[in-house]
Every structure is written in C-alpha cells, then in structure tokens.
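Dear colleague,

I am handing over the structure we spoke about, and below it you will find my notes on what turned up when I went through it. Please read them with the structure open beside you.

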Amino acid sequence: RNVFETARKSLGGVDVVFNIAGYLKPESTQNLKDTDIDLHIDVNVKGVINGTWLASQEMIKQVKDGSLPKGGHIINFASLGALAPVSGVGLYIGSKYAVRGFSMCAAKDLAEHGVFVSIVCPDAIQTPMVDLQLHYKESAMAYSGGILAVEDVVSAVLEKLVYTRRRELFIGSSWFREKGARFGDIFHGARVIYMAEQSMRAKGIQAQEIKKRMNTSTTSMKPKKN
C-alpha cells in the first residue's frame with residue numbers, strides 16, 4: 001500500500017505493475033518441510049494475489065478519475081512449469097499453477113473496469129534461482145535445455161506483451177521446449193510425455209554434472225591470495 005501511495009504522490013499513479021518475486025527449493029513431495037510449504041505459498045502465491053489486488057484497486061481509481069484513460073496493466077510471472085508439471089519441484093510448480101489460474105480469473109474480473117491482466121510463463125532464467133538448482137537432482141529438468149538470459153525475457157515482454165496486453169506469453173529457451181510444454185499441458189498423462197520427461201531428466205542430470213565440473217575447474221584456476 002505504501003508503494004502505491006508513494007507512486008500516486010510522486011508519479012501521479014501507476015499504469016503497469018509487475019509481480020515477479022519468486023521462491024524455489026527443490027524437494028520431493030514426501031520430503032517436504034513446513035517452512036518450504038509456507039515460503040512457496042507466501043512468496044509465490046500470496047505475493048502475486050496481494051500485488052494484483054492492491055494494483056487493481058489503485059488502477060480502477062485512476063480509470064474512474066480519468067488519469068488512466070487507456071486502462072491499467074498487471075503482469076504476473078508464472079512459469080513454463082505451470083503448463084507442464086514435472087517431479088521434484090512440486091511446490092514451485094503448484095504455486096505457479098496457482099498464479100496462472102488466479103491471474104486468468106482476475107483478468108475476467110477486472111476487464112470491465114479497464115484493467116488488463118497478463119501472465120508470463122518463462123522457461124528457466126539465468127538467475128540465482130537457477131544456480132541453486134544446479135545442486136539438486138530433483139531440478140535436473142531446469143538444465144535439460146537452454147537457459148534464458150534475463151535480457152531475453154525483458155525483450156520478449158516489452159515486444160510481445162506490454163503493448164499488446166495479450167492474456168498469456170510463453171517464453172521457451174527453444175521452440176521445442178515451448179511447444180512441448182503446451183503439449184504437456186493438454187496431454188500431461190500421456191505415455192509420450194512420461195518418456196520425454198525421463199529423457200530430458202537424464203539429459204539435465206548430465207548437464208548438471210558438466211556444469212559442476214566447469215565451476216570447479218574455474219575456481220581452481222583462480223590465483224590464490226597469499
């Protein structure tokens with residue numbers, strides 16, 4: 001609330017709001033901990049819901065008073081995993097499914113008030129979150145293909161979403177991964193999807209090991225301080 005109040009006073013209001021913050025800790029369902037459950041829900045789900053709720057209230061006020069004639073735009077970040085569920089990261093995937101589902105509903109609720117809601121579903125992005133997953137076999141899928149640069153996501157959002165205000169934007173590190181995730185969304189129980197996941201997981205584990213060895217080699221080559 002304080003952020004929106006400050007924006008209103010210093011900038012005259014807001015026209016675009018991004019809800020991006022996320023948390024991920026890989027773990028199988030049977031080994032979950034209370035703190036991990038709470039963090040995934042509090043950050044990934046409640047964070048987006050609260051951000052959307054507060055932004056919508058502010059934007060509706062601006063639409064009514066004429067300061068936002070073209071309407072407001074709320075952009076919520078989910079994940080390509082919100083299309084294709086995989087094992088090992090159930091809390092994260094579940095929370096991103098929640099983000100996607102809530103955002104779709106919010107888009108319908110807010111349309112008549114001049115507020116647009118979009119969902120971004122990106123593949124793995126080169127951030128500390130991806131670095132963390134390097135050390136968990138449960139997250140091998142993150143390394144089963146290319147990893148997006150932050151700049152790739154920024155460009156895609158600016159070019160394909162901000163001005164068009166489309167409902168969803170899927171950003172895969174390759175055409176195959178994006179279309180594969182969308183196929184998995186429809187046929188997630190199919191045998192072919194299971195076989196593809198097993199193959200990609202094996203590829204991801206191999207990529208993790210190679211990356212670990214590269215990191216170790218780079219560290220050992222650094223000059224030692226006296």
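Read along the sequence, the order of elements in this predicted model is α-β-α-β-α-β-α-α-β-α-α, which amounts to seven helices and four strands. The C-alpha trace spans about 60 × 55 × 35 Å along its principal axes, and of the 226 residues of the protein 41% count as buried. The surface that the protein exposes comes to about 13100 Å², and carbon and sulfur atoms supply 59% of that area. If one takes the contacts between residues at least 6 apart in sequence, 72% of them join residues that are at least 24 apart.

I would begin with the strands. Strand β1 covers residues 16-19, and four bridges join β1 to strand β2 (residues 72-77), the two strands running parallel. Together with helix α2, these two strands make a β-α-β unit, and that unit is right-handed. The side chains along β1 alternate, in that Val17 and Asn19 point to one face and are buried, while Val16 and Phe18 point to the other face and are not buried. Asparagine 19 also has a place in the pairing of the strands, since asparagine 76 in β2 stands opposite asparagine 19.

Asparagine 76 appears again among the neighbours of valine 120, a residue of strand β3, which covers residues 115-122. Is valine 120 buried or exposed? Its relative accessibility is 0%, so valine 120 counts as buried, the cut-off for that class being under 20%. Leaving aside residues up to four places away in sequence, valine 120 touches Ile75, Asn76, Phe77, Ala78 and Ser79, and also Val157, Leu161, Leu169 and Ile171. A separation you may like to check in the viewer is the one between the C-alpha atoms of valine 120 and glycine 81, which are 11 Å apart although their positions lie 39 residues apart along the chain.

Next come the charged pairs. Side chains of opposite charge can pair when their charged atoms come close, and the structure holds 13 salt bridges. One of them lies in helix α2 (residues 34-65), where the side chains of lysine 46 and aspartate 42 meet with a distance of 3.4 Å from N to O. Because the two residues are four apart in that helix, lysine 46 and aspartate 42 are separated by about one helical turn. Both are partly exposed, lysine 46 with a relative accessible area of 44% and aspartate 42 with one of 39%.

Glutamate 178 deserves a separate look, as it takes part in a salt bridge with lysine 179 (4.0 Å, N to O) and in another with arginine 182, where the closest N and O atoms are 3.9 Å apart. Glutamate 178 and arginine 182 both belong to helix α6 (residues 175-186), in which they are four residues apart, or about one turn of the helix. Which of these three residues are buried, and which are partly exposed? Glutamate 178 is buried, with a relative accessible area of 18%, whereas lysine 179 is partly exposed at 33% and arginine 182 is partly exposed at 36%. Elsewhere, salt bridges that share partners join Glu5, Arg8, Lys9 and Glu58 into one network.

Helix α6 also holds isoleucine 186, which counts as exposed at 60% relative accessibility. Isoleucine 186 helps to make a nonpolar surface patch of about 390 Å², to which Phe183, Phe187 and Val192 also belong.

A last point concerns the backbone. Most residues other than glycine have a negative phi. Arginine 165, however, has a positive phi, near 60 degrees, and is a residue other than glycine. Where does arginine 165 lie? It is found in the loop between α5 (150-162) and β4 (168-171), and with a relative accessible area of 24% arginine 165 is partly exposed.

With best wishes

Technical notes:
Residues are numbered from 1 along each chain as its sequence is written. This is a predicted model: local features need pLDDT of at least 70, side-chain atom pairs count only at pLDDT 80 or more; totals for chains, interfaces and linings use all residues. Side-chain values use heavy atoms; hydrogens and water are left out. Buried means under 20% relative accessible area, exposed over 50%, partly exposed in between (1.4 Å probe, protein chains only). Two strands pair if DSSP finds at least two bridges between them. A crossover is right-handed if, with the strands pointing away from the viewer, the path from the first strand over the helix to the second runs clockwise. Patches are made of residues with over 30% relative accessible area and no salt bridge: like charges are joined within 9 Å, nonpolar side chains (Val, Leu, Ile, Met, Phe, Trp, Tyr) within 5 Å. Accessible areas come from the Shrake-Rupley method with a 1.4 Å probe; for residues, only the protein chains shown count as cover. Contact means heavy atoms within 4.5 Å.
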